[in-house]
Amino acid sequence: MKTAFISGATSGFGRAIAIRLASMGFKLIITGRRKERLDDLTSLLKTEYSAEVLALCFDVRSNEACTSAIQTLPEEFQTIDLLINNAGLAAGASPFDQSSLIDYDQMIDTNVKGLLYITKLIVPKMIEQKAGHIINISSIAGIEVYPNGSVYCASKHAVNAITKGLRLDLIKYGIKVSSISPGMADTEFSLVRYHGNQEMANAVYKGLIPLSADDIADTVEFIISRPAHVCINDIQINPAQQANTYISHRN
Ligand code: NDP
Ligand code: 8X3
């Protein structure tokens, strides 16, 4: 039975990926900061899919917290076959001159440094195993920069550089490294970005059908079900009504 580690499984993509992997028979390590959400998901995965689940409640911005969670994994969860680096967020959407340093820190500490902390702890296990697959959840914001999003876009450009670097350095150990770059998807992403303003979050998706979290779970399933000799390097996936980061066709 294979084991997957998913960061940020309390909502959106991470939650949908956890459910999909449980349905495929994976053992799961799910993480996030909201304990109640982790508890709810754990019981759903156990009841509906008879999955073996380990829930770890910690903030990926703290290397100490990442280290103590990952270095004390129970024996039966120590072999990690699949790492999904998903925890992340956008904080704010304003022109550079009006944007906030607090938001910058949150995005860079979560999307870039958090991803590095987790990966740095799990890669040595994969090297020992001489096998593993890392899937980084990037964004179309990692491909094109859009107005009012310079630091979020920078964080996802960094994720793409890390993905490419990991692929170069880990190829000799038989470790695959992939990324998924989604466009607009209806999760809690916009609510978080607009600091809880539901009206502004709804406006993001007005007049178009955004991606769903299940679309991203489908993409993960596709990537991991390729034959052993195939590595999907990156998949960019958009709503049909979104051409790129700044051109959408709204009803
Ligand atoms: P959600 O807000 O629904 O989910 C984000 C997840 O990340 C939550 O589980 C949250 O858990 C976790 N998370 C955030 N900060 C931290 C932290 N400091 N420590 C631990 N966990 C954290 O958004 P999405 O599902 O949409 O986002 C998932 C990923 O997809 C992100 O990397 C995002 O940038 C990316 N993305 C999203 C797109 C979209 O349009 N929705 C498009 C392209 C990429 P908790 O709050 O419990 O800690
Ligand atoms: C989130 C999607 O539209 O901000 O990564 O690029 S978007």
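## A tour that starts at ligand 2

Begin by selecting ligand 2 together with Tyr-152, where a polar side-chain atom of Tyr-152 lies 2.6 Å from an oxygen atom of the ligand. Keep in mind throughout that this is a predicted model. Next add Ser-139, whose side chain has an N or O atom 2.5 Å from an oxygen atom of ligand 2, and then Tyr-146, where a side-chain N or O atom is likewise 2.5 Å from an oxygen atom of this ligand. If you show the surface of ligand 2 by itself, it exposes 240 Å², and the protein buries 87% of that. To complete the surroundings of ligand 2, select Ser-139, Ile-140, Ala-141, Tyr-146, Tyr-152, Met-184, Phe-189 and Arg-193.

**On to ligand 1**

Keep Tyr-152 selected and bring up ligand 1, because Tyr-152 is also among the residues that come nearest to ligand 1, along with Thr-10, Ser-11, Arg-33 and Thr-187, out of 30 residues around it. At Ser-11, look for a polar side-chain atom that lies 2.4 Å from an oxygen atom of ligand 1. Two other places to visit involve the backbone: an N or O atom of the Val-60 backbone lies 3.0 Å from a nitrogen atom of ligand 1, and one of the Gly-88 backbone lies 3.5 Å from an oxygen atom of the ligand. Taken alone, ligand 1 exposes 880 Å², of which the protein buries 96%.

**From Thr-10 to Thr-42**

From Thr-10, move to Thr-42, which is found in helix 2. These two residues are 32 residues apart in sequence, yet their C-alpha atoms are 10.0 Å apart in space. Is Thr-42 buried or exposed? Its relative accessibility is 12%, and since buried means under 20%, Thr-42 counts as buried. Leaving out residues up to four places away in sequence, Thr-42 touches Ile-30, Val-53 and Ala-55.

**Into the nonpolar core**

Ile-30 leads to the next stop, as it is one of the residues with the most contacts inside the largest nonpolar core, a group of 33 residues in which Ile-17, Leu-21, Leu-28 and Leu-45 are also listed for their contacts. Colour the elements that each supply at least two residues of this core, including strand 1 (3–6), helix 1 (12–23), strand 2 (27–32), helix 2 (35–49) and helix 8 (213–224). Helix 1 gives the most, with seven residues. Now centre the view on Ile-17, which touches Ile-6, Ile-84, Ile-137, Ile-216, Ala-217 and Val-220, again not counting residues up to four places away in sequence. Apart from this core lies another, of 27 residues, which you can find by selecting Val-112, Ile-122, Val-123 and Leu-166, all among its members.

**A look at strand 1**

Thr-3 is found in strand 1, and with a relative accessible area of 2% it is buried. Beyond its neighbours within four places in sequence, Thr-3 is in contact with residues including Phe-26, Lys-27, Ile-29, Phe-77 and Leu-82.

**Stepping back to the whole chain**

Finally, clear the selection and show the whole chain, which has eight helices and seven strands. Its radius of gyration is 17 Å, close to the 18 Å that the globule rule gives for 251 residues, so the chain is as compact as a globular protein of that length. Along its principal axes, the C-alpha trace spans about 50 × 40 × 35 Å. Buried residues make up 49% of the 251 residues. Among contacts between residues at least 6 apart in sequence, 71% join residues at least 24 apart.

Terms used:
Residues numbered from 1 in each chain as written. Chains lettered and ligands numbered in written order. Predicted model: local features only at pLDDT ≥ 70, side-chain atom pairs only at ≥ 80, totals over all residues. Heavy atoms only, no water. Core = buried A, V, L, I, M, F, W, Y, C linked by side-chain atoms within 4.5 Å. Buried < 20%, exposed > 50% of the residue type's maximum accessible area, 1.4 Å probe, protein only. Helix = DSSP H or I, 4+ residues; strand = E, 2+ residues; numbered from the N terminus. Contact = heavy atoms within 4.5 Å. Near = heavy atom within 4 Å. Polar contact = N/O pair within 3.5 Å; in protein donor to acceptor, adjacent residues only side chain to side chain. Areas by Shrake-Rupley, 256 points an atom, 1.4 Å probe, with all protein chains shown as cover. Rg over C-alpha atoms; globule rule 2.2 N^0.38 Å.
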